[in-house]
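The briefing below goes with the sequence and coordinates shown here, and is arranged by topic for reading alongside them.

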Amino acid sequence: MVKICCIGAGYVGGPTMAVIALKCPSINVAVVDISVPRITAWNSETLPIYEPGLDEVVKKCRGKNLFFSNEVEKNVAEADIVFVSVNTPTKTSGLGAGKAADLTYWESAARMIADVSKSSKIVVEKSTVPVKTAEAIEKILTHNNKGIEFQILSNPEFLAEGTAITDLLNPDRVLIGGREETPGGLKAIQTLKDVYAHWVPEERILCTNLWSAELSKLAANAFLAQRISSVNSMSALCEATGANVSQVSYAVGKDSRIGPKFLNASVGFGGSCFQKDILNLVYICECNGLPEVANYWKHVIKINDYQKNRFVNRLVSSMFNTISGKKIAILGFSFKKDTGDTRETPAIDVCRGLLLDRAQLIIYDPKVPEAQMMRDLSTPKFDWDQPGSTSPVSEDVITKNVKVVHNAYEATKDSHAICILTEWDEFKSLDYQKIYDNMPKPAYIFDGRNVVDVAKLRQIGFIVYSIGKPLDPWLKDMPAIA
Ligand SMILES: NC(=O)c1ccc[n+]([C@@H]2O[C@H](COP(=O)([O-])OP(=O)(O)OC[C@H]3O[C@@H](n4cnc5c(N)ncnc54)[C@H](O)[C@@H]3O)[C@@H](O)[C@H]2O)c1
Ligand SMILES: O=c1ccn([C@@H]2O[C@H](COP(=O)(O)OP(=O)(O)O[C@H]3O[C@H](CO)[C@@H](O)[C@H](O)[C@H]3O)[C@@H](O)[C@H]2O)c(=O)[nH]1
């Protein structure tokens with residue numbers, strides 16, 4: 001029986017391995033992690049991450065051919081294929097701080113693999129890493145070997161949170177990069193291909209050299225984020241001209257060369273990957289003497305920061321330039337719907353901006369626990385090239401001015417304004433008449449996700465701001481300075 005071990009039981013390691021176990025009953029899959037609480041949760045009724053469909057897959061396989069364990073070394077030693085899916089955050093200090101990927105976790109995993117291995121292994125990069133990481137990993141593994149052969153493959157993951165299980169079951173493509181120039185490399189590529197071939201059609205399994213696979217992952221995220229920054233930049237122009245960004249996106253996306261996806265204007269993109277991976281790309285370009293290319297990609301992030309600031313400024317200026325002591329209901333805190341993940345969520349920057357203007361926030365999110373929100377708001381943000389944009393707010397200000405509640409009606413009662421920061425489906429079908437009746441007037445809604453029916457809410461009496469949509473006459477008289 002082939003044995004797979006995955007180091008890192010996070011958002012990628014957990015769901016990815018669960019789907020491999022589901023689709024390959026003949027393969028034994030162990031997911032290992034240094035975090036005891038994480039593994040305990042994977043072995044419990046309440047999994048450590050919320051992802052639609054994940055519970056069912058885990059329940060079907062756990063204890064049969066899918067195991068979660070803190071016995072990292074033992075499981076690695078026994079495996080034929082070792083996936084490494086540990087964190088690769090942005091460096092916060094030293095050389096490349098604020099841009100380069102921090103490979104501390106990756107390197108320690110590689111050293112451990114070298115130390116404990118007694119048989120040949122295929123080591124698979126699942127984490128998103130800088131181009132040429134495989135070369136560094138090869139050096140670590142081969143310098144420590146004891147006559148054991150290690151083959152390195154790059155197999156970047158393209159799943160999106162909230163749709164991880166469907167993405168894994170039906171991927172657009174699976175990418176496998178390896179040493180195509182050697183027989184050992186080709187054999188390793190084929191071995192991993194055979195795993196995915198259990199459920200992925202062959203034409204969707206792409207095999208490349210190592211560097212193409214590593215770079216394709218960074219490039220794909222950069223392209224996706226660039227589309228969002230492009231449409232968000234248009235949203236500002238739409239507001240200035242009276243165009244409607246949804247109509248513009250629709251018209252643009254109808255061009256088959258452009259396509260309709262990833263053109264939704266928003267308060268900004270979030271998530272653990274886009275900003276981190278673009279910064280990493282920028283750093284690699286700079287290191288390779290390509291400052292123009294680096295600057296091009298930097299602007300994708302600049303527009304994203306601009307969009308979040310613009311949203312806060314629009315809100316403050318619409319409310320007579322002061323929100324001091326005013327109650328603002330925040331609907332949604334996760335970085336997108338159907339996940340409880342808050343990494344780099346735009347809600348953090350928006351809430352901080354509002355707190356700096358001394359608002360009182362009442363936050364509701366269906367999946368994010370209160371402790372997580374408080375942690376996010378008080379952890380100093382790693383702030384890149386944006387002096388003064390989001391100075392961290394003191395813990396004292398947060399505890400005094402932030403309240404977390406359990407439903408949207410509680411959050412909005414007696415609030416002066418509502419901000420919608422995540423596109424949770426339930427926000428579309430709230431009883432907005434009831435909400436309006438329970439708010440002081442004028443009652444404002446700032447929709448950062450374009451989920452509400454603007455005309456209907458204006459009819460009720462709300463002053464409505466919806467990103468990139470024709471402005472309410474009230475807002476036209478109170479322009480926001482970005
Ligand atoms: N989150 C996503 O949607 C997504 C999608 C594609 C790729 N990625 C990439 O995948 C990688 C992992 O992301 P994630 O979101 O799963 O992160 P995560 O933080 O959810 O999980 C990483 C896990 O690795 C564990 N870990 C770290 N060092 C370890 C070690 N030496 N031994 C054992 N366990 C160790 C941590 O305890 C943690 O549980 C990152 O490189 C990320 O960029 C993420
Ligand atoms: O038209 C759009 C689409 C998305 N977003 C926002 O963009 C962010 C990222 O969304 P999404 O890409 O759906 O989620 P992630 O889980 O971050 O997935 C991205 O990052 C992963 C980690 O690398 C990759 O594997 C995925 O392919 C890539 O889509 C979220 O804040 C979304 O709200 C928009 O604002 N407008």
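## Domains, ligand shell and confidence

The domain assignment divides the protein chain into domain 1, covering 2-200, and domain 2, covering 242-476. The model is predicted, and the predictor gives the complex an ipTM of 0.98 together with a pTM of 0.95.

**Domain arrangement**

- Taken over C-alpha atoms, the centres of domain 1 and domain 2 are separated by 33 Å.
- Contact between the two domains involves 17 residues of domain 1 and 18 residues of domain 2.
- On the side of domain 1 that touches domain 2, the residues divide by class into eight nonpolar, six polar and three charged.

**Surroundings of ligand 2**

- Ligand 2 lies between domain 1 (2-200) and domain 2 (242-476), because both of these domains give residues to the shell around it.
- There are 20 residues around ligand 2, and those that come nearest are Asn264, Ser266, Phe269, Gly271 and Cys273.
- Helix H9, which spans residues 210-241, supplies the largest share of the shell around ligand 2, namely three residues.
- Sorted by class, the shell around ligand 2 holds eleven nonpolar residues, six polar residues and three charged residues.

**Confidence along the chain**

- The pLDDT of the protein chain averages 94, and 96% of the residues score at least 70.
- Residues 383-389 have a pLDDT below 50, and in the model this stretch has eight contacts beyond near neighbours in sequence.

Methods: Residues numbered from 1 in each chain as written. Chains lettered and ligands numbered in written order. Predicted model: local features only at pLDDT ≥ 70, side-chain atom pairs only at ≥ 80, totals over all residues. pLDDT = per-residue confidence, 0-100. Contact = placed C-beta atoms within 7 Å. Near = placed C-beta within 6 Å. Helix = DSSP H or I, 4+ residues; strand = E, 2+ residues; numbered from the N terminus. Nonpolar A, V, L, I, M, F, W, Y, C, P; charged D, E, K, R; others polar. Domains from an automatic or database assignment.
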